[in-house]
Amino acid sequence: MLGRIGRWIDERAHLSELWQSQMVDYKVPKNLTFPYAFGIMALVAFAIQVISGIFLTMYYQPNVHTAFDSANYTIMKEVPFMWLVRHVHAAGANFFLAVVYLHIFTGIYYNAYKKPRELTWIVGWVIYFVLLTTALTGYLLPWGQLSYWGMVVTAEIPTSIDSAPIIGKLKIGETISIWMKGGYEIGQITLGRFFGLHIWLLPLILLLLLSIHLYLVRAAGISNPEGIEIDKKKEGVPFHPYMTLKEGAYVMGYLAVFFFFVFFHMSHFLPADNYDPADPFKTPAHIAPEWYLLAYYTIFRSIPDKFLGFVAFNLTLVLLLLLPFLDFSPLKSARRRPLFLIMFIVFVISSMVLTVLGTMPPTPTNALLGLIFTATLFAFFLSLPIISLIEWGWYKARGGEKK
Amino acid sequence: MIKTVFFTGITLIFFYIIWIHNIFAHREKYEMPAQYAKIADDVKSYAKEGKQLFEQNCQACHSVRYDAVYISSVQANPKLQTLQEKYGKVLPRDVYEAVFYEDLMALKQSFGKVPPDLSTIYLVKGKEYLFNFTLEPQKVLPGTSMPAVMTGRPEETAKIIAYLKSVAEPSPEEKNKRMLMGVGTIAYLIVMGVLLWLWRGRILRKMGLH
Ligand code: HEM
């Protein structure tokens, strides 16, 4: 019976043809490494956020008087299993960002941003940016002390534009800050706006961007760890079952780690200070952004001049976007580029150190360390054109070997 | 090979530091004698007694709304019951604060601020801080307007903490259930992962792709 229904549908929708052409006849390189699974894991993480988020919306109340209790009493204590949903959503946000970071670093390592994949990279960057905003707006919703004061500090950051020499007079920064908060203070209007953004506008934009991203990945074909474009007809393996089952097994492993945190280690995803209801008259002792923003935050606060700090951390984002154009070498993949590999390691270590520095108190030593690692971070981006020039030299000297 | 070990290694160290144990971040630490820590942790034996002690010593100023415990003057007010019939035992915060505005303001007049609700304080501060603060508020938070009501009564203080813990955290039975659920979920995922991997091996061998 079920089989007959299935056939009836298939005769009309041609689903099995679609499956055959898109999943089986679609060929991928055989030598894809483990890090290539981070993209799929990000997709899984997105699905988890959407599903858990829908359930949270049923009980959460976007109202400054009741938001905290709806999260910490109704959801955590009153409705059965909603604690699990909240744990999943909070841990899920952190895992999502972690996986996206790993995905980005993988893309950089294998130079997946290069021709013909520049557009994939650019759309990916926009996804990353929108994802950061989604996380930021979501963090305000439980209306705890960290939610509130974290946003106070974040909304202050644009005002550093106003300390610039000439454009400072225009008070652009203050305007942006007021626009972010929906007024002079963080209150009901802010919460309402953030709720709307967080639960439907930003996720919808993400969904759209993700579709474009995945389409572009398909259009260009998956890159190769060796940095050599393969002849798909001869060397490729069918996406299904070769990749689907392999990455399916990885995803199970990923979920196992994820649920370990969900059940046994939530103290970093639902931090203690956020169980204190928001109080505009009581500044908590430790205010720092979430870990995924800490590298930018360290760059911002290590530079003595506020305006320059602001420019520097935004420049990091812009340079990340421009990566395909900074790196114009004919060679691809760190496996074949020793100079690039060295600078990549510098880049990874600098990002990690900057993040960890963000969790530490702003002492003069830490500020100095912050400056040093900001410099090494920029050194990575600035070295790319130089490395590219050198590699063009090698490439020409060898008579432009087969790519 | 070396590269794989290196990148995996630093990634794991990085996430260990930011997600599990940050060896660089500085946090104030408070001490608590082991015998009292044991009492504070033993929700099953002491939470009930702790609640009574709370009512005697703290309820004049503090509520524990998530347990439907309101400040004494509110508790004595007949309006409370009417409201609870309408809204449920745990009143919405805006209703509570609006209807009993005068009671709360009277406390504010005496202490400079409304003493905080203690429903989630255990999760925010931890037992060590609560123990030290309640016994000697001035020493932990100089200039605070909270009086030292528990001086010389560490054991009873520990019992009050056990009560606060019982309100803030899931009950021991619930915790056990959650642990079983967690272990079950993780085991299921690992088994599925392994099975998927083995199945893939068989299919690929059949297809000659191994
Ligand atoms: C919501 C987050 C994201 C999801 C769900 C996602 C998903 C995916 C998936 C499934 C792939 C297939 C290839 C692979 O598995 O590596 C992919 C490829 C790619 N992604 Fe993403 N991605 C996300 C964010 C990003 C971001 C933030 C960037 C970069 C800034 C990015 C850059 C790329 C690039 C360059 C490729 C092509 C890689 C290749 O062909 O080897 N992605 N993405």
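Trainee: Which residues are closest to the ligand, and how many surround it?
Mentor: This is a predicted model. In it, 23 residues surround the ligand. The closest are Tyr36(A), His103(A), Gly124(A), His213(A) and Ser223(A).

Trainee: What makes the approach of Tyr36(A) to the ligand a polar contact?
Mentor: The cut-off is 3.5 Å between N or O atoms. A backbone N or O atom of Tyr36(A) lies 2.6 Å from an oxygen atom of the ligand. That is within the limit, so the pair counts.

Trainee: Which side chains have a polar atom 2.7 Å from the ligand?
Mentor: His103(A) has one, 2.7 Å from a nitrogen atom of the ligand. Ser223(A) has one too, 2.7 Å from an oxygen atom of the ligand.

Trainee: Where does the shell around the ligand come from?
Mentor: Helices α3, α5, α6 and α9 of chain A each supply at least two residues. The largest share, 6 residues, comes from α6(A). By type, the shell divides into 16 nonpolar, 6 polar and 1 charged.

Trainee: How do you know that His103(A) and His213(A) are donors of the iron atom?
Mentor: A donor must be an N, O or S atom within 2.8 Å of this metal. The NE2 atoms of His103(A) and His213(A) lie 2.0 to 2.2 Å from the iron atom. Both therefore qualify.

Trainee: Where in the chain do these two sit?
Mentor: His103(A) is in helix α5 of chain A, and His213(A) is in helix α9. They are 110 residues apart, so the pair links distant parts of the chain.

Trainee: Why is the iron site called octahedral?
Mentor: Six donors count as octahedral if opposite donors are over 155 degrees apart and all others between 65 and 115. The iron atom of the ligand has 6 donor atoms, with angles of 79 to 179°. The site is classed as octahedral. Ideal values would be 90 or 180 degrees.

Trainee: Why is His213(A) called buried?
Mentor: Buried means under 20% relative accessible area. His213(A) has 12%, so it is buried.

Trainee: Why is His103(A) called partly exposed?
Mentor: Partly exposed lies between buried, under 20%, and exposed, over 50%. His103(A) has 31%, so it falls in between.

Trainee: How do you know that the radius of gyration of chain A agrees with a compact globule?
Mentor: With 403 residues, a compact globule would have a radius near 22 Å. Chain A has 24 Å, which agrees. Buried residues make up 54% of the chain.

Notes. Residues are numbered from 1 along each chain as its sequence is written. Chains are lettered from A and ligands numbered from 1 in the order in which they are written. This is a predicted model: local features need pLDDT of at least 70, side-chain atom pairs count only at pLDDT 80 or more; totals for chains, interfaces and linings use all residues. Side-chain values use heavy atoms; hydrogens and water are left out. A residue is near a molecule or strand if one of its heavy atoms lies within 4 Å of it. A polar contact is a pair of N or O atoms within 3.5 Å; within protein, one must be able to donate a hydrogen and the other to accept it, and residues adjacent in sequence count only if both atoms are side-chain atoms. Helices (H or I, at least four residues) and strands (E, at least two) are DSSP runs, numbered from the N terminus. Ala, Val, Leu, Ile, Met, Phe, Trp, Tyr, Cys and Pro count as nonpolar, Asp, Glu, Lys and Arg as charged, and the others, Gly among them, as polar. Donors are N, O and S atoms within 2.8 Å of the metal (3.2 Å for Na, K and Ca); water is not among the atoms, so sites may look incomplete. Four donors count as tetrahedral if all angles lie between 85 and 135 degrees; four count as square planar and six as octahedral if opposite donors are over 155 degrees apart and all others between 65 and 115; anything else is irregular. Buried means under 20% relative accessible area, exposed over 50%, partly exposed in between (1.4 Å probe, protein chains only). The radius of gyration is taken over C-alpha atoms; the globule rule is 2.2 Å times the number of residues to the power 0.38.
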